[in-house]
Amino acid sequence: MFLHRVSIRPRHLDDWLATWPQQLHDLQRHGFTHHQAYLQEHAEPKLTWLYSHPDASPAFPAPVAEATPHVFGNLVIRPVRVELLADVAPLPDRTVCLRRYSIVGDWQEFLAIWRRIVVVRERYGFRCLFAVADQPKDLFTWAFDFEGDWDDFAALQRPYYRDPERVELRRVFDHMADYTLDPARHLAIAEANE
């Protein structure tokens with residue numbers, strides 16, 4: 001699995017989005033399978049895109065020329081280990097939350113705690129969409145969705161954080177040197193894999 005991250009230039013989002021189908025097609029033509037893609041838009045737009053290839057070290061095609069003027073030169077494509085990849089359809093009444101953690105300490109201990117957190121989150125209606133680990137860079141990226149708007153997020157989390165099982169798992173913060181938490185929207189990819 002590969003994690004593709006890039007920032008889109010201010011005021012270029014609509015032009016970049018117009019190139020999205022071509023970007024999907026180009027990678028698919030080179031043997032890649034698309035899994036999930038999310039766009040953070042609240043500040044500088046950022047793309048988080050997961051795709052795979054049957055070869056462990058595939059040759060990546062050059063970026064789509066029409067997309068290049070609309071992104072910064074901070075493109076990162078890294079191999080990642082999949083911890084969770086849900087096969088769920090995006091739903092219009094749900095909001096996606098994208099989280100990225102800088103991990104310190106023992107990865108296995110962090111993952112054991114995180115796996116228990118997912119169970120508790122899902123009990124409160126937060127559906128986990130994916131989770132990937134980039135251990136060489138100590139980065140963990142995951143997303144979940146919930147019914148409601150971003151403005152509802154804090155209130156929806158209160159019962160979850162008060163759950164005794166979740167309180168017991170607070171030591172997860174011992175493994176997080178830094179983290180980001182952003183709303184994101186799902187970008188359609190299903191038709192590219194057909």
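Of the 24 residues in the largest nonpolar core, which touch the most other members? In this predicted model, that position is held by Tyr101, Trp107, Phe110, Trp114, Phe140, Trp142 and Phe144. At least two residues of this core are supplied by each of strand S6 (94-103), helix H2 (107-123), strand S7 (127-134), strand S8 (139-147) and helix H3 (153-162), and H2 gives the most, with eight residues. The surroundings of one of these aromatic residues can be listed in detail: when residues up to four places away in sequence are not counted, Phe110 touches Tyr101, Ile103, Phe140, Val172 and His175. A second core, separate from the one just described, comprises 20 residues, among them Val6, Ile8, Leu47 and Tyr51.

Nonpolar side chains are also found at the surface, where Phe60, Leu75 and Ile77 form a patch with about 220 Å² of accessible area together. Within this patch, Phe60 belongs to the loop between strand S3 (46-52) and strand S4 (76-79), and its relative accessible area of 34% makes Phe60 partly exposed.

The loop between S3 and S4 also contains His53, which, in contrast to the partly exposed Phe60, is buried, with a relative accessible area of 17%; this assignment follows because the value falls under the 20% limit that defines a buried residue. Two polar contacts of the His53 side chain with the backbone can be described. In one, a polar atom of the His53 side chain lies 3.0 Å from the backbone oxygen of His30, and in the other the side chain of His53 reaches the backbone nitrogen of Asp55, at 3.0 Å. With residues up to four places away in sequence left out of the count, His53 touches Phe2, His30, Gly31, Phe32 and Pro58, so that His30 appears both among these contacts and as the partner of the polar contact through its backbone oxygen.

Backbone geometry was considered next. Most residues other than glycine have a negative phi. Against this background, Arg11, although not a glycine, has a positive phi of about 65 degrees. Arg11 is situated in the loop between strand S1 (2-7) and helix H1 (13-29), and with a relative accessibility of 81% Arg11 counts as exposed. A positive phi, of about 55 degrees, is likewise found for Asp138, which is not a glycine either. Asp138 is located in the loop between S7 and S8, where, at 32% relative accessibility, Asp138 counts as partly exposed.

Side chains of opposite charge can pair when their charged atoms come close. A search of the whole structure for such pairs finds eleven salt bridges. One of them is formed by Arg29 with Asp26, with 2.4 Å between the closest N and O atoms. Arg29 and Asp26 are three residues apart in helix H1, and therefore about one helical turn separates them. The two partners differ in their accessibility, since Arg29 is exposed, with a relative accessible area of 56%, whereas Asp26, at 13% relative accessibility, counts as buried.

Other salt bridges join separate helices. The side chains of Arg116 and Glu168 meet at 2.9 Å, N to O; because Arg116 lies in helix H2 and Glu168 in helix H4 (residues 164-168), this pair ties together parts that are 52 residues apart in sequence. Arg116 counts as partly exposed at 30% relative accessibility, and Glu168 counts as partly exposed at 47%. A further salt bridge is formed by Glu165 with Arg123, the closest N and O atoms being 2.8 Å apart. Here Glu165 lies in helix H4 and Arg123 in helix H2, so the parts tied together by the pair are 42 residues apart in sequence. Both partners are partly exposed, with relative accessible areas of 26% for Glu165 and 45% for Arg123. Finally, Arg81, Glu83 and Arg115 are joined into one network by salt bridges that share partners.

Technical notes. Residues numbered from 1 in each chain as written. Predicted model: local features only at pLDDT ≥ 70, side-chain atom pairs only at ≥ 80, totals over all residues. Heavy atoms only, no water. Patch = residues over 30% accessible without salt bridge, like charges linked within 9 Å, V, L, I, M, F, W, Y side chains within 5 Å. Areas by Shrake-Rupley, 256 points an atom, 1.4 Å probe, with all protein chains shown as cover. Salt bridge = Lys/Arg side-chain N within 4 Å of Asp/Glu carboxyl O. Helix = DSSP H or I, 4+ residues; strand = E, 2+ residues; numbered from the N terminus. Buried < 20%, exposed > 50% of the residue type's maximum accessible area, 1.4 Å probe, protein only. Core = buried A, V, L, I, M, F, W, Y, C linked by side-chain atoms within 4.5 Å. Contact = heavy atoms within 4.5 Å. Polar contact = N/O pair within 3.5 Å; in protein donor to acceptor, adjacent residues only side chain to side chain.
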